[in-house]
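Here's a casual walk through one protein model, from a loop residue to the overall fold. Have the coordinates open and follow along.

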Amino acid sequence: MNPKHLYALTEKQKQDYQIQPDEFPGFAANSTSEEYEFTPYMAQTTLRFWYNTQTSAFSTHWHDAQEIIIPLEEELTATVQNVTFRLKPGDILLIPPGELHSIEAPPCGSRFIFLLELTLFCQFGSFLRTQALLSKPVLITADACPEIYETEISLIMETAGHYWSDSPSKLLFIYACLMKFYAHYTDYCTGRQHTVSGHADHIKGNSASDTVSRLLEYLQRHYAENITLEEISKKADLSKFYFTRIFKQHTGQTFYDYLSFLRIQSAESLLKDTSVPVSDIAAACGYASSSSFGRAFRKYRNCSPLEYRSLHGHGSQ
């Protein structure tokens with residue numbers, strides 16, 4: 001497949017896209033290792049898109065936004081939590097919020113860098129499965145995902161067009177495109193797993209997909225409780241081994257990995273937005289002790305809870 005025509009920009013677009021809609025002055029590469037980056041969102045939004053042509057590197061950093069990187073001209077190398085991705089033009093890399101990542105200095109070329117928070121999407125119950133899939137880096141390429149690639153790259157290009165447009169409804173169009181983008185990827189992952197397993201599972205008249213969706217909603221409400229794999233399997237009226245298989249199929253991760261993701265996500269909000277002591281946050285998020293919370297938090301965020309809090313201006317507690 002040669003999809004270059006799907007993401008090629010006209011000369012006018014290249015000129016127009018270098019100017020931010022709000023005339024924001026620009027976004028320079030950082031140089032401080034493992035720096036927390038405050039995302040300069042556009043006013044009254046939680047997004048900022050860049051048409052980036054700089055040849056300097058972005059050293060290791062992290063932020064609360066999801067980052068989407070799409071090289072348009074020339075290859076690009078990005079590293080996420082010590083995993084290196086060598087991106088070809090047109091490849092789409094989704095980096096989860098909070099993940100340490102860096103971009104090597106490209107000798108030339110251009111790329112899109114989209115930064116956006118997922119809070120708005122998370123208000124939809126059906127986004128829970130998508131959120132689980134997006135908790136790990138995602139790479140969408142023409143070769144690896146031929147069934148959806150054309151749709152996904154076309155939605156990215158349409159999103160960019162709306163961002164740099166003068167339409168008074170541009171934000172509605174942007175979020176509509178992104179919702180479609182995430183929905184197509186979620187359906188693709190679910191359908192692919194059914195193909196791999198050889199059939200679509202059905203459980204007591206309901207599909208495995210419905211069962212997993214119901215359990216994801218349950219976990220959203222009860223993640224702070226002492227939930228075990230055996231208990232959640234029993235709640236689904238499934239064997240532990242069958243539940244483990246369908247949960248991984250539909251979310252891209254194990255039950256315990258997803259439970260940890262929910263707990264750390266909740267802890268991040270409390271650390272950023274409150275001055276609640278870390279010991280109380282540990283208990284509120286389902287950890288038996290501050291030490292176990294600290295170990296889990298460092299595993300996911302490469303810093304301690306206190307270090308994370310200090311980066312958001314709350315100091316030590």
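## Two loop residues with positive phi

E23 counts as exposed, because its relative accessibility is 66% and the cut-off for exposed is over 50%. Keep in mind that this is a predicted model. E23 sits in the loop between α2 (11–16) and β1 (35–36), and its phi is near 60°, a positive value in a residue other than glycine. That's worth a second look, because most residues other than glycine have a negative phi.

Q81 also has a positive phi, near 50°, and isn't a glycine either. You'll find Q81 in the loop between β5 (76–80) and β6 (83–87). With a relative accessibility of 23%, Q81 counts as partly exposed.

Here are the two side by side:

| Residue | Phi | Relative accessibility | Loop between |
|---|---|---|---|
| E23 | near 60° | 66% | α2 (11–16) and β1 (35–36) |
| Q81 | near 50° | 23% | β5 (76–80) and β6 (83–87) |

## A buried phenylalanine and a helix

Now for F243, which belongs to helix α8 (residues 240–251). Is F243 buried or exposed? Its relative accessible area is 1%, so F243 is buried. Leaving out residues up to four places away in sequence, F243 touches L215, L229, I232, S233, A236, L238 and F255. L120, on the other hand, is 123 residues from F243 in sequence, and the two C-alpha atoms are 30 Å apart.

Helix α4 (residues 149–163) makes a neat length check. At 1.5 Å a residue, its 15 residues should span 21 Å, and the end C-alpha atoms are indeed 21 Å apart, so the two agree. Buried residues of α4 include Y149, E152, I153, H162 and Y163.

## The whole thing

Zooming out, the protein has 12 helices and 12 strands. Its C-alpha atoms fill a box of roughly 60 × 50 × 40 Å along the principal axes. A compact globule of 317 residues would have a radius of gyration near 20 Å, and the protein has 20 Å, so the value agrees.

Buried residues make up 49% of the 317. Of the contacts between residues at least 6 apart in sequence, 74% join residues at least 24 apart. On the outside, the accessible surface comes to about 15,100 Å², with 52% of that belonging to carbon and sulfur atoms. As for charge, there are 27 positive and 35 negative charges, and their mean positions are 7 Å apart.

Key
Residues are numbered from 1 along each chain as its sequence is written. This is a predicted model: local features need pLDDT of at least 70, side-chain atom pairs count only at pLDDT 80 or more; totals for chains, interfaces and linings use all residues. Side-chain values use heavy atoms; hydrogens and water are left out. Helices (H or I, at least four residues) and strands (E, at least two) are DSSP runs, numbered from the N terminus. The radius of gyration is taken over C-alpha atoms; the globule rule is 2.2 Å times the number of residues to the power 0.38. Buried means under 20% relative accessible area, exposed over 50%, partly exposed in between (1.4 Å probe, protein chains only). Contact means heavy atoms within 4.5 Å. Accessible areas come from the Shrake-Rupley method with a 1.4 Å probe; for residues, only the protein chains shown count as cover. Lys and Arg count as positive and Asp and Glu as negative; His and the chain ends are not counted. The place of a charge is taken as NZ of Lys, CZ of Arg, CG of Asp or CD of Glu. The expected span of a helix is 1.5 Å times one less than its number of residues.
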